[in-house]
Amino acid sequence: MQSRIIGTTMPVLEVALSGNDALISEAGELSWMTQTIQMTTHTQLGGGGGFFGVLKRVAGGGTLFMTEYRAVGGPGEVAFATKVPGHIVPIEVNPGHEYLVHRHGFLCATSQIQIGVGFQQSLGAGIFGGDGFLLQKIHGYGTAWLELSGELIVKDLRPGETLRVHPGHVGAFQASVSFQITTVPGIKNMIFGGDGIFLAALTGPGRVWLQTLPLSRLAHELQEYMPGEVRRENIQGGVVGGIVGSLLNNVR
């Protein structure tokens with residue numbers, strides 16, 4: 001199996017499969033493939049896990065169905081492109097080398113990779129689409145490719161070193177990094193600071209990948225170009241509801 005990443009602004013991952021090689025991805029990720037690639041859609045892929053493995057994947061923000069791409073009758077090629085400008089990052093996964101990635105960050109992987117819940121916390125109505133902040137855990141054996149949006153910043157944290165980040169800018173990090181959601185200190189900073197209510201605190205040791213274009217921020221910026229009624233509902237539920245709901249949750 002050989003892979004290459006083509007392009008810089010809207011990169012695409014091309015993987016050459018030979019023999020009985022296979023890749024897995026969530027349903028709907030395919031860009032193109034050669035005629036020797038056989039697609040099979042299942043609920044149980046990526047090292048098994050049975051019914052509870054499926055539940056963990058869905059709870060982690062993944063889809064119910066996964067698609068396997070296997071070279072049959074000869075070598076073949078399958079490709080996956082990013083959805084927004086950004087980067088594709090390959091990671092090697094095995095016990096002791098596991099990763100957490102933002103909920104839309106998994107692109108594809110070799111067949112023994114598994115996806116589950118890495119972190120989940122409700123942040124109030126309207127924050128991150130009302131679903132709270134969620135990270136997927138990538139574990140198992142093999143290679144996975146992550147999709148991170150915007151420019152990519154890599155930080156290697158020393159033991160005990162803490163980096164505070166707007167949650168949307170957290171792209172991925174090694175499982176050795178401690179992660180928690182904290183609130184911005186001071187009520188004035190929360191209301192008037194303009195930087196949001198929450199910060200993610202990441203403490204080393206381990207590597208962190210930061211993304212400069214959070215999908216939640218991109219969606220917010222596009223709201224003013226949406227039809228008036230939809231825009232009004234999103235603003236009322238997202239901004240006002242999110243801030244008030246989050247402040248009330250913090251008081252309890």
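Two rings of Phe, Tyr or Trp, the last counted by its six-membered ring, make a pair if their centres lie within 6.5 Å. By that yardstick, this predicted model holds three aromatic pairs. In one of them, the ring centres of Tyr-69 and Phe-80 sit 5.5 Å apart. Their planes meet at 75 degrees, and since anything over 60 counts as edge-to-face, that is the label this pair gets. Tyr-69 belongs to strand β6 (residues 66-71) and Phe-80 to strand β7, so the contact ties together parts that are 11 residues apart in sequence. Both rings are tucked away from the surface: Tyr-69 is buried, with a relative accessible area of 1%, and Phe-80 is buried as well, at 0%.

Another of the pairs brings together Tyr-99 and Trp-209, with 6.0 Å from centre to centre. Here the planes make an angle of 55 degrees, and the pair is tilted. Tyr-99 is found in strand β9, while Trp-209 is found in strand β19 (residues 206-211), so this pair ties together parts that are 110 residues apart in sequence. Tyr-99 counts as buried at 7% relative accessibility, and Trp-209 is buried too, its relative accessible area being 9%.

Strand β6, home of Tyr-69, also carries Thr-67. Thr-67 is buried, with just 3% relative accessible area. Its side chain has a partner in the side chain of Thr-41, the two being joined by a polar contact of 3.3 Å.

Next come the charged side chains. Side chains of opposite charge can pair when their charged atoms come close. The structure holds seven salt bridges, among them one between Glu-29 and Lys-83, whose closest N and O atoms are 3.2 Å apart. This pair links distant parts of the chain, 54 residues apart. Glu-29 sits in the loop between β3 (22-26) and β4 (32-33), and Lys-83 in the loop between β7 (76-81) and β8 (86-93). Although it sits in a loop, Glu-29 counts as buried, at 10% relative accessibility.

Lys-83 has a further salt bridge, with Glu-147, at 3.1 Å from N to O. Glu-147 is part of strand β13 (residues 142-149) and Lys-83 of the loop between β7 and β8, so the bridge ties together parts that are 64 residues apart in sequence. Glu-147 is buried, with a relative accessible area of 7%.

Glu-98 and Lys-137 form another of the salt bridges, and their closest N and O atoms are 3.4 Å apart. This pair, too, links distant parts of the chain: Glu-98 lies in the loop between β8 and β9 (99-102), Lys-137 lies in strand β12 (residues 133-140), and 39 residues separate them. Glu-98 is partly exposed, at 21% relative accessible area; with buried meaning under 20%, it misses that class. Lys-137 is partly exposed as well, at 28%. As for how the bridges connect, shared partners join Glu-29, Lys-83 and Glu-147 into one network.

One last detail concerns the backbone. Most peptide bonds are trans. The bond from Gly-204 to Pro-205, however, is cis, with omega near 20 degrees. Pro-205 lies in the loop between β18 (198-203) and β19, and β19 is the strand that holds Trp-209.

How values were computed. Residues are numbered from 1 along each chain as its sequence is written. This is a predicted model: local features need pLDDT of at least 70, side-chain atom pairs count only at pLDDT 80 or more; totals for chains, interfaces and linings use all residues. Side-chain values use heavy atoms; hydrogens and water are left out. A salt bridge is a side-chain nitrogen of Lys or Arg within 4 Å of a carboxyl oxygen of Asp or Glu. Helices (H or I, at least four residues) and strands (E, at least two) are DSSP runs, numbered from the N terminus. Buried means under 20% relative accessible area, exposed over 50%, partly exposed in between (1.4 Å probe, protein chains only). Rings of Phe, Tyr and Trp (its six-membered ring) pair if their centres lie within 6.5 Å; planes under 30 degrees apart count as stacked, over 60 as edge-to-face and the rest as tilted. A polar contact is a pair of N or O atoms within 3.5 Å; within protein, one must be able to donate a hydrogen and the other to accept it, and residues adjacent in sequence count only if both atoms are side-chain atoms.
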